[in-house]
Amino acid sequence: MRKLFALVFGLGSAIGAHGQTNIEFQEYDLENGLHVILHEDHTTPIVAVSVLYHVGSKNEKPGRSGFAHFFEHLMFEGSPNIERGDFMKIVQNNGGALNANTSFDRTFYYEILPANQLELGLWLESERMLQATVDITGVETQREVVKEEKRLRIDNQPYMSFQAEMFGKAFEGSPYAITPIGTMEDLNAAQIADFKDFYETFYVPNNATLSIAGDIDPKEAKEMIEKYFGPIAKGTNEIPRPKPELKLLNNAIVDTVYDNIQLPALFLGYKIPQQGTKDAYAMDMLTTLLSGGQSSRLYKKLVDQDQLGLAVQAFPYGLENGGIFITLGIANMGVDLKDLKAGIDGEFSKVRNDLISENEYQKVLNQLENDFVSQNSTMAGIAESLANYHVYFSDANLINTEIEKYREVTREDLQAAAQKYLTDQNRVILYYLPKQQ
């Protein structure tokens, strides 16, 4: 599963086949259900400590959207042993860095620390899991932080409302219909009891994966892990696991959005299958063919040659139970969006009707192999990949073998995927126009 690179404007020692670095690791479970993955690498004296909780916006109750993302913020408030607001200071004062992110399907926390501070990272994450501060003071503080984040990153950013518009229309009636940021109405309506229930349900060891990569002694690491995480009780609440089915669209959904923008834009969203399926790998490869740099088909034809678009890009959102393949285009000055759409449709028609050349196919594979190696070039990247592969596919070793999934996709498979998913009926079309129009 390739990482989604930012879109809008604005290692082990053995070398395997094809020059790929083989990442060795070991994994096991604690009695409380916490899954542990360890990767030992003494290349640099650092360690990445990460915890992935298998909860995202997909798991939220109706009327309580935004909880998973809200908790990403709330979990830095502290604990009985960590003063409010000191979580980040502790890491930074010990020469480290930290961050977190939330998606539709999971929430991920990590610290990058000097190798001799492994125990500190484990203690911090165990505090978060065991006894994070969930009180009215923290809730009210972070409620305002999230509101401001939404204003800055979405409401006041050109085109960025496309996520809520696209997912709301493509996944209507599905847990994927509301994006992780949620709605401010739901966050304002939530009570402290709702937050405590969410924490007690999802922030438990049997819903988490602890992934550590870096300059560690596995034996010592295991002793520390048992010390800090072993005593944490297994969660007793039932963990909801909604599994929305993939339903392709039978008729295109078309809408016009008036936004604070200067140049009109076009967003096309095609429903695609869940990550890890052969068709999902095929759509990933089509992304590279169509939009993988300035030599890609969309850029060469629509930006460079015909000058219909200032920018044209395609990217897939891979989800645990489905996905969407989005293509966007910002029109050049004086270009009608319908002409830009016709140009994009023409390129999609080509991949439906004609096999790509052997040279293009090999170029796509080469780009994917480079991306595959690059995403695992840091300890933080390795820790995250190991956790993702375990949680989504129950196979952490995909960190070494997933590239073979791409190699198994033939040129004929690419054409078949385009014919099945890149159709006029299976899409949402959003025309973005300046408000003054």
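Guide: One term before we start: strands, such as β4, are DSSP runs of E at least two residues long, numbered from the N terminus. Keep in mind too that we're looking at a predicted model.

Visitor: Okay, let's try a pocket. What is the volume of the second largest pocket, and which residues line it?

Guide: The second largest pocket comes out at about 260 Å³. Its lining is E72, H73, F76, E77, G85, F87, M88, L98, N99, A100 and Q142.

Visitor: Which element gives the most to that lining?

Guide: That's β4, with three residues. At least two lining residues each come from α1 (67-74), α2 (87-93) and β4 (97-102).

Visitor: And how do the lining residues divide into nonpolar, polar and charged?

Guide: You get five nonpolar, four polar and two charged.

Visitor: Now the domains. Where do they run, and how far apart are their centres?

Guide: Domain 1 covers 25-230 and domain 2 covers 253-434. Their C-alpha centres are 28 Å apart. Domain 1 puts 37 residues into the contact, and domain 2 puts in 39.

Visitor: How do I read the size of the interface?

Guide: People often quote the accessible area that is lost when the parts come together. Here domain 1 and domain 2 bury about 3,200 Å² between them, with 71% of that from carbon and sulfur atoms. On the domain 1 side, Y159, F162 and M166 supply 23% of the area buried against domain 2, more than any other three residues.

Visitor: What about charges? How many salt bridges are there across the interface, and how many in the structure?

Guide: The general idea is that side chains of opposite charge can pair when their charged atoms come close. The rule finds three salt bridges across the interface of domain 1 and domain 2, and the structure holds 29. One to look at is R106 with E384, at 2.5 Å from N to O. Another is K58 with D105, at 3.2 Å, N to O. K58 and D105 link distant parts of the chain, 47 residues apart: K58 is in the loop between β3 (46-53) and α1, while D105 is in the loop between β4 and β5 (107-114).

Visitor: Last one, a single residue. Where is M224 found, and which residues does it touch?

Guide: M224 is found in helix α8, residues 218-229. Leaving aside residues up to four places away in sequence, M224 touches L118, E119 and L122. As for K147, M224 is 77 residues away from it in sequence and 38 Å away in space, C-alpha to C-alpha.

Definitions and conventions
Residues numbered from 1 in each chain as written. Predicted model: local features only at pLDDT ≥ 70, side-chain atom pairs only at ≥ 80, totals over all residues. Heavy atoms only, no water. 1 Å grid on protein atoms, 1.4 Å probe; cavity = no way out; pocket = protein on both sides within 12 Å on 5 of 7 lines; lining within 4 Å. Points joined across faces, edges and corners; volume = space filled by probe spheres on them. Helix = DSSP H or I, 4+ residues; strand = E, 2+ residues; numbered from the N terminus. Nonpolar A, V, L, I, M, F, W, Y, C, P; charged D, E, K, R; others polar. Domains from an automatic or database assignment. Contact = heavy atoms within 4.5 Å. Buried area = accessible area lost by both parts, 1.4 Å probe. Salt bridge = Lys/Arg side-chain N within 4 Å of Asp/Glu carboxyl O.
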